[in-house]
Amino acid sequence: MKAVWEIFNELDWSPLWISLKTGVVATVISFFLGIFAAKRVMRAPVRKKAFIDGLLTLPMVLPPTVAGFFLLLLFSRRRPLGIFLYENLDIKVVQTWLGCVIAATVIAFPLMYRNARGAFEQIDVNLIYAGRTLGMSEMQIFWKVVVPAARPGIVSGTILTFARALGEYGATSMLAGNIPGKTGTISQKIAMVIQDGDYLTAGIWVAIVIFIAFAVIVFMNLAAGRKMKNVKKW
Amino acid sequence: MGLKVEVKKTIGDFSLDVRFQSEASRIGILGASGCGKSMTLRCIAGIESPDAGVIEVNETILCDSGRGIHLRPQKRNIGYLFQNYALFPAMTVAKNIEMGLKGTKQEKARRVGEMIRTFQLEGLEGRLPGELSGGQQQRVALARIMAYEPDVILLDEPFSALDMFLKDQLQQEMMEMLSDYRGIVILVSHSRDEIYRFSEELVVMEQGRVVTAGRTRDIFADPKKKEAARLTGCKNFSRIRRLDGHHIEALDWGIELELEREIPEDTTCVGFRAHAFLPVWKERRKNCIRVSLAGSAELPFEKIFYLRPEGDTDSQAEEDRLQEVCRDKDILSKGNMQDTKPSQKICWILQKDKWQMLEENGMPDFLQFQEEQLLLLT
């Protein structure tokens, strides 16, 4: 017990902050992109919809290392996009924190997109028609009517996205690597210390992750709680 | 004041081709479910766009496909009352009413206050729609529409989801709330009672087409078209053969009828409302039909008799099938079932206060068709 306390006191907290920062930024990006994509895909013709939906959901279903592989192909500084970003905009993705964010966003985005789309598709279309006949602009209708009505789905989508982004490992390790203090997230830290046989440190990080994950789920349930009161028990 | 509607639209197998014009301020559209009446309203509101057509309100063109004009619903200044009211669930009553308003915060607030008072919603401003009763929701929905003073208000089956006892009360409330409104109101419904109560002029629709249009009272009194007669609640029909200017043979009833008035040459069918028969005992009179009882049903305030017309020698199986058809009093929405039959039961409805005469005299031997009640149809 004393040993645990000692390690805890001398713990390098940077993985926590990197993970949280990555999680928050990836969630914000996924939030807007996911809602935007959900809205667009919902309106697409059936075949196009099936195709695009498949493409957008793929990162969730594929092994993260496969996504990481493609990201690496795309952003490598020996590839057109990577060269372009570096030479024109001075942006490096591989082995940087930006890589963490991109990897986490790609992997977590489908959760936001799917939940938002599910919620949008459940909306009573008359609400939108009503908004139009009332003279509301499409923007107003979307943000004042559609999003609040789809709130439960959007809230759960956001939280799941955050949770997924926070724990991202496979794609992140391939794209961003594990540079302590820079791209070293909690998940990578745990993998690393276990390789070193340092189960005590690993255990502490595992406890932290479990605590955060559990807190997120409880928070999600409480946030949705108001709606859940009306759910019929059977 | 004036409304002109010409709408053509094809959706899958269904084709809508509606045209009517009216100067009235209270217009009803009557038709069975799926006849295209809601789609017509949606085209007027701009929620759906017709494949081709012209829509004009008080000389303002809202849509003219020939000239490429198609105003967005936002620009049409039309109020649409949805069957489920479509109140925004996450907004309070006051916010809902405010949504259709333009102007400064103060102006909006003042107008919302006015509406709250007019529609007796005091104390409910801060409630969410889900916390209101059906009647309150309807008032909010109407207040939300009336707040921005639309040129036309469209009512899409506003009472069809309500309980019987609420329906009557809300219809009356709606009439009162709309009584000061100067614009055009169009009510779409499959209920002849609602339509009759509400509209000055009436458009009767069937399978995407206008069957007839005109003054509501005139259409109910003399529907002219068989479909119009059916939709206005007429239950008895017979195909006819015109013998001369004053005589017809009612083929499905197996009798001859003599009329004082001139029978138009294009008459193909006669109709007779179930309430209008006069029972006759023992001796046959003019325009009578001999009937025998096939079945009956008792309702709280009236009794329905299903009667076999003379000359009807149908098999038992046929009779059972028919009874099933007739048992559902709401034959109207069941479409053309009556058409398929060569001869059919006669439906006679007797109000409760007249049951006495049956108790005294037994079932009548004949039913008399009174000429003024006989509908000559094409």
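The following exercises, with worked solutions, concern helix packing and the chain contact in a predicted model.

**Exercise 1. Describe the secondary structure and the extent of chain A.**

Solution. Begin with the element count: chain A has twelve helices and zero strands. Next, read the order from the N terminus, which is α-α-α-α-α-α-α-α-α-α-α-α. Finally, take the extent of the C-alpha trace, which spans about 65 × 50 × 30 Å along its principal axes.

**Exercise 2. Determine how helix 2 of chain A is oriented against helix 3 of chain A, and identify the residues that meet.**

Solution. Two packed helices are described by the angle between their axes and the distance between the axes.

1. Helix 2 covers residues 14-43 of chain A and helix 3 covers residues 46-61; their axes come within 9 Å and cross at roughly 155 degrees.
2. Angles over 145 degrees count as roughly antiparallel, and the two helices are therefore roughly antiparallel to each other.
3. The crossing of helix 2 and helix 3 of chain A is left-handed.
4. From helix 2, the residues A:A37, A:V41 and A:M42 take part; they meet A:K49, A:I52, A:D53 and A:L56 of helix 3.
5. Sorted by class, this contact of helix 2 with helix 3 has five nonpolar, no polar and two charged residues.

**Exercise 3. Carry out the analysis for helix 2 and helix 9 of chain A.**

Solution.

1. Helix 9 of chain A comprises residues 151-167, and its axis comes within 8 Å of the axis of helix 2, with a crossing at roughly 140 degrees.
2. That angle makes helix 2 of chain A oblique to helix 9 of chain A.
3. The crossing of helix 2 and helix 9 is right-handed.
4. On the helix 2 side, the contact residues include A:S19, A:L20, A:G23, A:F31 and A:I35. On the helix 9 side, they include A:I154, A:T158, A:F162 and A:L166.
5. By class, the residues of the contact between helix 2 and helix 9 of chain A divide into nine nonpolar, six polar and no charged.

**Exercise 4. Characterize the contact between chain B and chain A by residues, buried area and salt bridges.**

Solution. First, count the participants: 21 residues come from chain B and 18 residues from chain A. Second, consider the area: the two chains bury about 1600 Å² between them, with 66% of it on carbon and sulfur atoms. Third, locate the principal contributors on chain B: B:Q74, B:F88 and B:M99 supply 32% of the area that chain B buries against chain A, more than any other three residues. Last, check for salt bridges: the count between chain B and chain A is zero.

Terms used: Residues numbered from 1 in each chain as written. Chains lettered and ligands numbered in written order. Predicted model: local features only at pLDDT ≥ 70, side-chain atom pairs only at ≥ 80, totals over all residues. Heavy atoms only, no water. Axes fitted to C-alpha atoms, helices over the stretch in contact; angles between N-to-C directions. Helix = DSSP H or I, 4+ residues; strand = E, 2+ residues; numbered from the N terminus. Parallel < 35°, antiparallel > 145°, perpendicular 65-115°, else oblique. Left-handed = near helix turned anticlockwise from the far one by under 90°. Contact = heavy atoms within 4.5 Å. Nonpolar A, V, L, I, M, F, W, Y, C, P; charged D, E, K, R; others polar. Buried area = accessible area lost by both parts, 1.4 Å probe. Salt bridge = Lys/Arg side-chain N within 4 Å of Asp/Glu carboxyl O.
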